[in-house]
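Please open the structure in the viewer and keep the selection panel at hand. The tour begins with the whole chain and ends at a single residue.

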Amino acid sequence: MKKTIRIGTRDSELALWQAHTVQKKLNDLGYSTEIVAVKSTGDIILDKPLYELGITGIFTKTLDIAMLKGEIDIAVHSMKDVPTALPIGIVQAAVLKRANTLDILVHKGSLDFLNTNGTIASGSLRRKAQWLNKYPSHIVEDLRGNVNTRMQKLKDNTWDGAIFAAAGLERINLKPDTYMNLDWMVPAPAQGAMLVVAMENDTYTKEALSQLNHKETEICTFIERQFLKTLEGGCTAPIGALAKFEGEKIYFEGVLHSLDGKENYEIKKSCNFEDYTFFGRNCATEILNNGGSFLMEKLRETLKVK
């Protein structure tokens, strides 16, 4: 039975861009759609670091509730913000083709501070830990808010730079000339990917969304999120993961850091395409068995991740 598909999204410029991208793809396929913008708890509370809010899925919870109440049919998310376990009744319906996975440093025209003492900003524990591992004499200040807000805060403060996901800035044309690719930094699991979720019993909508799914991105993000889930870190923990197809093989890099960046566990491995089902889990298990389990225990206690 045909219907208008109601697309739920956060109301930031980036989130709306992502929702309109999905809307256009569905419209091009002949489906009728409507955008429903919702403000999430993560957008409203800007004066506390994310991990202090004590819950995962802070950017997705409001949309999950709207979907379960029947107010929207689908929700569009930055996949790195989505908990590895979805609420009962909600399912992954499409993963769109991945964009740029890199983190970048937006600076103020000079990189001299990299060789001395510097202060940069980021609200991500993963980015902070990796930065302090490479630049132990630097200070990393907390930086919260949507992309536009964070860019303005960088201008208003004396920080030397701030770290952003390249994909977010590129999508809404905010990427300045003064940036540096951080190709040594391992991105968040599923960074650069957009996820669309739907109700499990909504056959019409799931069939529509299945036409937007990009299989290669789906597999890579599956491996990365399985790695994260096995470590039981939640999406705010200092954990990075990136899987890539190269020919017939899938290459994976995963990292687990202490909050100060001084303790690190890394893994780099590859597998054949037909062996990817438990690849992320096996890589995480190897890190846990090599000492990572003790670090995870400390992190869960500090961050109160349940």
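**From the whole chain to one residue**

Begin by displaying the surface of the chain, in a model that is predicted. About 14400 Å² is exposed, and 49% of this area is supplied by carbon and sulfur atoms.

Next, switch to a cartoon view. The chain comprises 9 helices and 13 strands. Reduced to its C-alpha atoms, the chain fills a box of roughly 65 × 45 × 40 Å along the principal axes. How does the radius of gyration agree with that of a compact globule? For 306 residues, such a globule would have a value near 19 Å, and the chain has 19 Å, so the two agree.

Now colour the residues by burial: 51% of the 306 residues count as buried. Among contacts with a separation of 6 or more, 70% are between residues 24 or more positions apart.

Select the charged residues next. There are 38 positive and 38 negative charges, and their mean positions lie 2 Å apart.

Finally, select Asp202, which is in the loop between strand 10 (194-199) and helix 7 (203-210). Is Asp202 buried or exposed? Its relative accessible area is 11%, and because buried means under 20%, Asp202 is buried.

Show the side chains around this residue. Which residue shares a side-chain polar contact with Asp202? The partner is Thr205, and the contact spans 2.7 Å. Leaving aside residues up to four places away in sequence, Asp202 touches Lys3 and Asp73. Add Lys3 and Asp73 to the selection to view these contacts with Asp202.

Conventions
Residues numbered from 1 in each chain as written. Predicted model: local features only at pLDDT ≥ 70, side-chain atom pairs only at ≥ 80, totals over all residues. Heavy atoms only, no water. Helix = DSSP H or I, 4+ residues; strand = E, 2+ residues; numbered from the N terminus. Rg over C-alpha atoms; globule rule 2.2 N^0.38 Å. Buried < 20%, exposed > 50% of the residue type's maximum accessible area, 1.4 Å probe, protein only. Contact = heavy atoms within 4.5 Å. Areas by Shrake-Rupley, 256 points an atom, 1.4 Å probe, with all protein chains shown as cover. Lys, Arg positive; Asp, Glu negative; His and termini not counted. Charge placed at Lys NZ, Arg CZ, Asp CG, Glu CD. Polar contact = N/O pair within 3.5 Å; in protein donor to acceptor, adjacent residues only side chain to side chain.
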